[in-house]
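Let's walk through this one from a single side-chain contact outward to the whole fold. Have the viewer ready and follow along.

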Amino acid sequence: MNKFDGGVWILNPTAPNTFTGVLTAGGGVLGLTADGLGATPQINISNGGLMAYGGDLTIAKPVQLNNNSTAVFVGNHNITIDGSVTKQSGANDQTFSNNLE
């Protein structure tokens, strides 16, 4: 699933998502819950943001930071990344932004 527009999308299903594709935050903010992450094997961040929706969130999936982009973490709840965090190969810049409210 790819999110490339502005604004906020919230993935908060009543049961774990069953999609198995990569989840890409490429614009705006993607609000996640553990059930929203579901079976996705990886999260890519490329000029997009993540927000823990409704409570603290632990991401036990690999997170890839794309080249020449910004990864933004926003909201009132903690996000713990318990999987690997890698930067896409290449000698390009990566910027982190933590906009706590």
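## Lys3 and what surrounds it

The side chain of Lys3 reaches the backbone oxygen of Asp5 at 2.7 Å. That is a polar contact, meaning a pair of N or O atoms within 3.5 Å; within protein, one must be able to donate a hydrogen and the other to accept it, and residues adjacent in sequence count only if both atoms are side-chain atoms. Keep in mind that this is a predicted model, where local features need pLDDT of at least 70 and side-chain atom pairs count only at pLDDT 80 or more, while totals for chains, interfaces and linings use all residues. Numbering starts from 1 along each chain as its sequence is written, and side-chain values use heavy atoms, with hydrogens and water left out.

Lys3 has another backbone oxygen in reach: that of Gly7 lies 3.4 Å from a polar atom of the Lys3 side chain. The side chains of Lys3 and Asp5 also meet in a salt bridge, at 2.9 Å from N to O. The rule for a salt bridge is a side-chain nitrogen of Lys or Arg within 4 Å of a carboxyl oxygen of Asp or Glu, and by that rule the count comes to one. Side chains of opposite charge can pair when their charged atoms come close.

Here are the Lys3 distances side by side.

| Lys3 side chain with | Distance |
|---|---|
| Backbone oxygen of Asp5 | 2.7 Å |
| Side chain of Asp5 (salt bridge, N to O) | 2.9 Å |
| Backbone oxygen of Gly7 | 3.4 Å |

Is Lys3 buried or exposed? Lys3 counts as buried because its relative accessible area is 0%; the cut-offs are under 20% for buried, over 50% for exposed and partly exposed in between (1.4 Å probe, protein chains only). Its salt-bridge partner Asp5 is partly exposed, at 39%. Lys3 sits in strand S1, residues 2-3. Strands here (E, at least two residues) and helices (H or I, at least four) are DSSP runs, numbered from the N terminus. Leaving out residues up to four places away in sequence, Lys3 touches Val8, Trp9, Thr24, Ala25, Gly26, Gly27, Gly28, Val29 and Leu30, where a contact means heavy atoms within 4.5 Å.

## Strands side by side

Zooming out, the protein chain has one helix and twelve strands, in the order β-β-β-β-α-β-β-β-β-β-β-β-β from the N terminus. Two strands pair if DSSP finds at least two bridges between them.

S1 belongs to an open sheet of five strands, ordered S1-S3-S5-S8-S11, with parallel pairing. S1 and S11 (85-87) stand at the edges with a single partner strand each, so one side of each is left without a neighbour in the sheet. S8 and S11 are joined by three bridges and run parallel; there, Gln64 stands opposite Thr86 in S11.

Now look at S2 (residues 8-11), which runs parallel to S4 over four bridges. Trp9 has Leu30 in S4 as its bridge partner. S4 in turn pairs with S6, again in the parallel sense and over four bridges. Leu30 partners Leu50 in S6, and Leu32 partners Ala52. Moving on, four bridges join S6 to S9, also parallel, with Gly48 matched to Ala71 in S9.

What covers S4 and S6? In S4, Val29 and Gly31 on one side and Leu30 and Leu32 on the other are all buried. S6 is largely enclosed by the rest of the structure, because five of its five residues are buried. Gly48, Leu50 and Ala52 point one way from S6, and Gly49 and Met51 the other way.

## The core and the totals

The largest nonpolar core has 16 residues, of which Leu32, Ile43, Ile45 and Leu50 touch the most other members. Such a core is a set of buried Ala, Val, Leu, Ile, Met, Phe, Trp, Tyr and Cys residues joined through side-chain atoms within 4.5 Å. Among the elements that give it two or more residues are S4 (29-32), S6 (48-52) and S9 (69-75). Beyond four places in sequence, the contacts of Ile45 include Ala25, Leu50, Val63, Leu65, Ala71 and Phe73.

For the whole chain of 101 residues, 41% count as buried. The chain exposes about 5,200 Å², with carbon and sulfur atoms supplying 49% of it; these areas come from the Shrake-Rupley method with a 1.4 Å probe, and for residues only the protein chains shown count as cover.
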